[in-house]
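Q: Got a minute to go through this one with me? Let's start with the surface.

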Amino acid sequence: MARKSFAPNTQPLFALEESFYPDAWRDDSRMGVLLSEFRTRSVNPENYDSKMRFWKELIAKYCEHKGSGSVSIVELKRVFRRKGTSPYCLPAVFEDMVKDGLLQAKNEFSKAPQESWGGWALDALVKRPLGWGFGAVKDRLVGNVLDESAEFVCNDVIKMQSDTIEKLIQKENKHNMLLSKSALLDLIKDLNIQNDGLDLVLQHLQRRQRIVMEKLPSEMEHEKKILVKFAAPGVQAQPITDIERSIYNLEQTEHELMKVIDKLEQNISDAMVIVKENLRQGKKQLAKSNLKKKHLLEKNLEKKMNVLDNVQNMMARIHDSQSDRHVIDAYKIGSNALKNAFADTGITLDSVDDTLAEMKEIMEQQDEMQAMIGAQQSTDVDDLELEQELSDLLDMSLAANNVTITPPSAPTVNGPAAPPPAGQPTLAQLNEFDKEIEKRLAALRMDVSSTPSDTSIIGDTPARPRVAEQ
């Protein structure tokens, strides 16, 4: 990222764009006060606090902008030099930031975290008090002047960068995987975090047990490769296992093989071009030699392809075994959870069998009750009594209508039968009367218990009150 210097006479270690500086930077009167040393706070507390806040915010913004949380007074004096004037107030700002925990000495920050309680106790109760005592004596000897070349770490910037990297690792699903520092730098290339800034972030994450770092042995000490393993969200980082190292080594081998294969394919293509060029120039022997070289390259390529297939198959088997392990672990967890659930509820095979038997017995009892409730109840009224009552009703009805039952007259010798006497019903009327009686008698016999409350026998004849059931 290209950066422009603000002033021609300024040559800072890290050049800044003009837009980086706050608006007050262009005010000569205001900056004259801000660049000068601090006066006693009791003289003007408001101006003192405002000036202190200005420099604290500007220092944090600068560290974030350059991609590293490391800073020193000497560096800031060069960066914030304005029109030939350096900020003389920075020592007081650093002292106040150290007191508030915003800055921390880099040598103290870079101390490796103690992994055991014994190491922590030795560091906290012995080493640090001795260091404090030596520092206090040294301060008295040099007049209690802060070393402007000493490097400090801006804690707020380190925390912000750490959170940003962890979010990216979670987004890319790279947790619980081994990453080299170079691969991590390539992953965060868009986050504006430099190499030295990444070192401080990794130290901070290691102290918080969010990552585990390991150095791989190498023939040259300065070429040792650093491996980083990020923990999943919400859990502490676990030590690197042999399986994870094996997977990492296989992945690196795969990567190197693919580069070799790409190079061999390019060499084969170039050799074929040379062979064609030799033939075009009539150099038959030279073309034959280059063609032989091409065949050797093809055989080597075939071997490398076989090795790559074996490496990839082995990686696939390892990943499958890891997945199978997670599945088995899930089965175990589910089995234990189900077993505990049965234990908590008291469910057993015997209790289920007893419950089902009891439920079957209750259902049978319910069926019997339903059958008893739906059974037809016997009536106390006798059919003979009903027929006798019906006969009495018929007699009363016939008497009320002056009807007498007589057999039909026999026909005379010389003609049809004589008509009935005046006032007597005809034969057709008697037939209709009989049909009505038979119909009502049949209905009465079908349902003895349900007799109508009002029974009419013929026409408008009033019904006799029904005999109440006994």
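A: Sure. Accessible areas here come from the Shrake-Rupley method with a 1.4 Å probe, and for residues only the protein chains shown count as cover. This is a predicted model, where local features need pLDDT of at least 70, side-chain atom pairs count only at pLDDT 80 or more, and totals for chains, interfaces and linings use all residues. Residues are numbered from 1 along each chain as its sequence is written, and side-chain values use heavy atoms, with hydrogens and water left out.

Q: OK, how much area does the protein expose?
A: About 32,600 Å², with carbon and sulfur atoms supplying 54% of it.

Q: And what share of the residues is buried?
A: Of the 470 residues, 26% are buried, meaning under 20% relative accessible area (exposed is over 50%, partly exposed in between; 1.4 Å probe, protein chains only).

Q: Which residues have the most contacts inside the largest nonpolar core?
A: Trp55, Ile59, Tyr62, Leu76, Phe80 and Phe94, in a core of 29 residues. Such a core is a set of buried Ala, Val, Leu, Ile, Met, Phe, Trp, Tyr and Cys residues joined through side-chain atoms within 4.5 Å. Its largest share, seven residues, comes from α2. Helices (H or I, at least four residues) and strands (E, at least two) are DSSP runs, numbered from the N terminus.

Q: Switching topic: where does methionine 363 lie?
A: In helix α12. Methionine 363 counts as partly exposed because its relative accessibility is 48%.
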